[in-house]
Amino acid sequence: MFSMSILSNLLSCRLMQKNIVAIGMMLLLIISASSCRNNDCDTDDCIVYGKEILDNAVALSNKVIELPDDYIYAKRFWLISDTMLVIENRKEAGNFLDIVNPVNGKKYSSLLAYGEGPEEMIMCGIYYDGHYLTAVDYVRSRYARFTPCEASQPGFKPRYIDYPREIGVTTPPIGIGDTTYIVNPYHYINRSNDIVQDVDRFFVIDNNRPDSIVIEPGLLYTHNVDQPVPLVDEVNRHIWLFRRERPIIDIYDYNTHKIKSVIINTELDRDHDVVIDENTVIYRGKYPSAYLRAIIDYDNSEILAAFSGDLSKPEVSESIPSKILVFDLDGNFKRAYQCQSYLYSLSQTVDGLFATVRDDENMPVFVKVE
């Protein structure tokens with residue numbers, strides 16, 4: 001039988017263990033709360049992941065896809081299906097967009113002519129979100145949004161939507177029905193450098209009755225330091241913003257209310273060194289590069305995002321191989337892949353993942369990543 005002194009000691013030890021566990025849980029909660037505060041987690045729902053989700057990424061390799069023609073003016077490729085390939089061209093091609101059959105080279109359509117005419121574009125950026133293409137003319141302050149299948153039809157003409165030139169757009173406008181959401185380039189918070197411009201995250205414009213845009217005087221312009229990648233989830237009526245500056249995803253509803261943030265705790269998740277030059281914020285030295293681009297896959301209820309997570313000089317940032325992070329439509333992390341190359345585009349079909357990379361001569365190459 002146990003003596004009373006031994007029993008007393010055992011009870012004391014168990015009580016001490018319970019206290020240690022309770023104290024540990026309290027410390028964990030304090031650390032988690034501090035982490036959210038330090039990471040701009042200002043929503044009731046914040047998901048914080050550690051660096052290990054990046055360290056455990058599964059390695060993928062590039063398999064070059066031979067195309068039937070030599071597209072000498074191509075910049076990027078997106079595979080829509082086994083019979084449809086979208087090609088973004090340099091202006092030297094005469095038009096910015098071609099849609100072709102990747103097997104036999106048949107051209108379905110050539111769109112977005114280069115020039116200053118009514119149906120032409122001067123400085124065109126093309127973005128693919130897994131469902132829609134968005135073409136933005138940053139000089140003429142207008143954009144068009146359409147599906148690749150629509151654009152492949154004979155006689156298709158994109159519908160251009162104008163947006164206010166004074167905003168100084170640096171990220172693609174977000175078209176949802178008759179509404180255009182534009183990420184506010186004056187919204188920027190960098191407390192370490194005493195910059196707190198906590199203005200509205202979006203300008204919301206009715207395409208049928210565009211109102212004048214009011215920009216608060218005295219705000220610093222931040223187009224050099226914060227260019228989020230937008231993505232629309234039409235099923236759940238969410239707008240995802242993938243931050244380029246920090247490893248943060250902010251998810252909003254259509255009323256522009258932030259409902260969730262997804263954060264990865266890495267060395268990139270901090271305020272970066274910036275300077276102010278003629279009312280413009282620019283980086284001092286190295287540039288952070290978090291999320292690069294993203295697509296939505298409704299068939300598998302997933303969002304796939306190309307991710308760099310590096311702090312480097314601009315001239316070497318595109319030599320750093322990308323990762324692909326996969327989330328469900330609620331923002332929960334599912335898995336990660338490590339690629340061999342920097343990804344200039346990302347698309348997915350039933351046959352797998354495809355991307356644009358660059359070869360040793362800095363020429364675009366269409367590959368399957370597997």
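These questions and answers walk through the strands, sheets, burial and salt bridges of a predicted model.

Q: How many helices and strands are there in the chain?
A: The model is a predicted one. Its chain has 370 residues, and 50% of them count as buried. The secondary structure elements are 3 helices and 30 strands.

Q: What share of the contacts with a separation of 6 or more comes from residues 24 or more positions apart?
A: A contact here means heavy atoms within 4.5 Å. Of the contacts in the chain with a separation of 6 or more, the share from residues 24 or more positions apart is 48%.

Q: What percentage of the accessible surface belongs to carbon and sulfur atoms?
A: The accessible surface of the chain totals about 18700 Å². The part that belongs to carbon and sulfur atoms is 51%.

Q: How many disulfides does the count come to?
A: A disulfide needs two cysteine sulfur atoms within 2.5 Å. Cysteine 149 is partly exposed, at 46% relative accessible area. Cysteine 339 is buried, at 4%. By the distance rule, the number of disulfides is 0.

Q: Is strand S21 largely enclosed or open to the outside?
A: Strand S21 covers residues 258–265. Of its 8 residues, 6 are buried, so the rest of the structure leaves S21 largely enclosed.

Q: In which sense do strand S1 and S21 pair?
A: Strand S1 spans residues 46–50. Valine 48 stands opposite isoleucine 263 in S21. The two strands are joined over 5 bridges, and the sense is parallel.

Q: What is the bridge partner of aspartate 250 in S21?
A: Aspartate 250 falls in the pairing of S21 with strand S20 (residues 248–253), which is antiparallel over 5 bridges. Across from aspartate 250, the bridge partner in S21 is serine 261.

Q: Which residue in the turn between S20 and S21 has a positive phi?
A: S20 and S21 form a hairpin, with 4 residues between them. One residue in the turn has a phi of about 65 degrees: threonine 256.

Q: Are lysine 258 and aspartate 250 buried or exposed?
A: Their side chains meet in a salt bridge, 3.6 Å from N to O. Buried means under 20% relative accessible area. Lysine 258 and aspartate 250 are both buried.

Q: Which strands are the edge strands of the open sheet with the order S3-S30-S29-S28?
A: This open sheet has 4 strands with antiparallel pairing. Two of them pair on one side only. They are strand S3 (62–64) and strand S28 (345–349).

Q: By how many degrees are neighbouring strands of the sheet S3-S30-S29-S28 turned against each other on average?
A: The pairing in this sheet is antiparallel. With direction ignored, the average turn between neighbouring strands is 35 degrees.

Q: Which residue in S29 stands opposite glutamine 348?
A: S28 and strand S29 (residues 352–358) run antiparallel, joined by 5 bridges. Opposite glutamine 348 stands leucine 353.

Q: Why is one side of strand S4 left without a neighbour in the sheet?
A: The open sheet here has 5 strands in the order S4-S5-S6-S7-S8, with mixed pairing. S4 (74–81) and S8 (120–121) stand at its edges. One side of S4 is free because S4 has a single partner strand.

Q: Which residue in S6 is the bridge partner of glutamate 88?
A: Strand S5 (residues 84–89) and strand S6 (residues 95–100) pair in the antiparallel sense over 4 bridges. Glu88 is also linked with Lys75 and Arg76 in a network of salt bridges. Its bridge partner in S6 is leucine 97.

Q: How many residues apart in sequence are the parts tied together by arginine 335 and glutamate 302?
A: Their side chains meet in a salt bridge at 2.9 Å, N to O. Arginine 335 is partly exposed at 29%, whereas glutamate 302 is buried at 5%. Arginine 335 lies in strand S27 (residues 333–338) and glutamate 302 in strand S25 (residues 302–312), so the separation is 33 residues.

Q: With which residue does glutamate 92 form a salt bridge?
A: The structure holds 15 salt bridges. Glutamate 92 is partly exposed at 46% relative accessibility, and its partner is partly exposed at 32%. The closest N and O atoms are 3.5 Å apart, and the partner is arginine 90.

Technical notes: Residues are numbered from 1 along each chain as its sequence is written. This is a predicted model: local features need pLDDT of at least 70, side-chain atom pairs count only at pLDDT 80 or more; totals for chains, interfaces and linings use all residues. Side-chain values use heavy atoms; hydrogens and water are left out. Buried means under 20% relative accessible area, exposed over 50%, partly exposed in between (1.4 Å probe, protein chains only). Two strands pair if DSSP finds at least two bridges between them. Axes are lines fitted to C-alpha atoms, for helices over the stretch in contact, and angles run from 0 to 180 degrees between N-to-C directions. Accessible areas come from the Shrake-Rupley method with a 1.4 Å probe; for residues, only the protein chains shown count as cover. A salt bridge is a side-chain nitrogen of Lys or Arg within 4 Å of a carboxyl oxygen of Asp or Glu.
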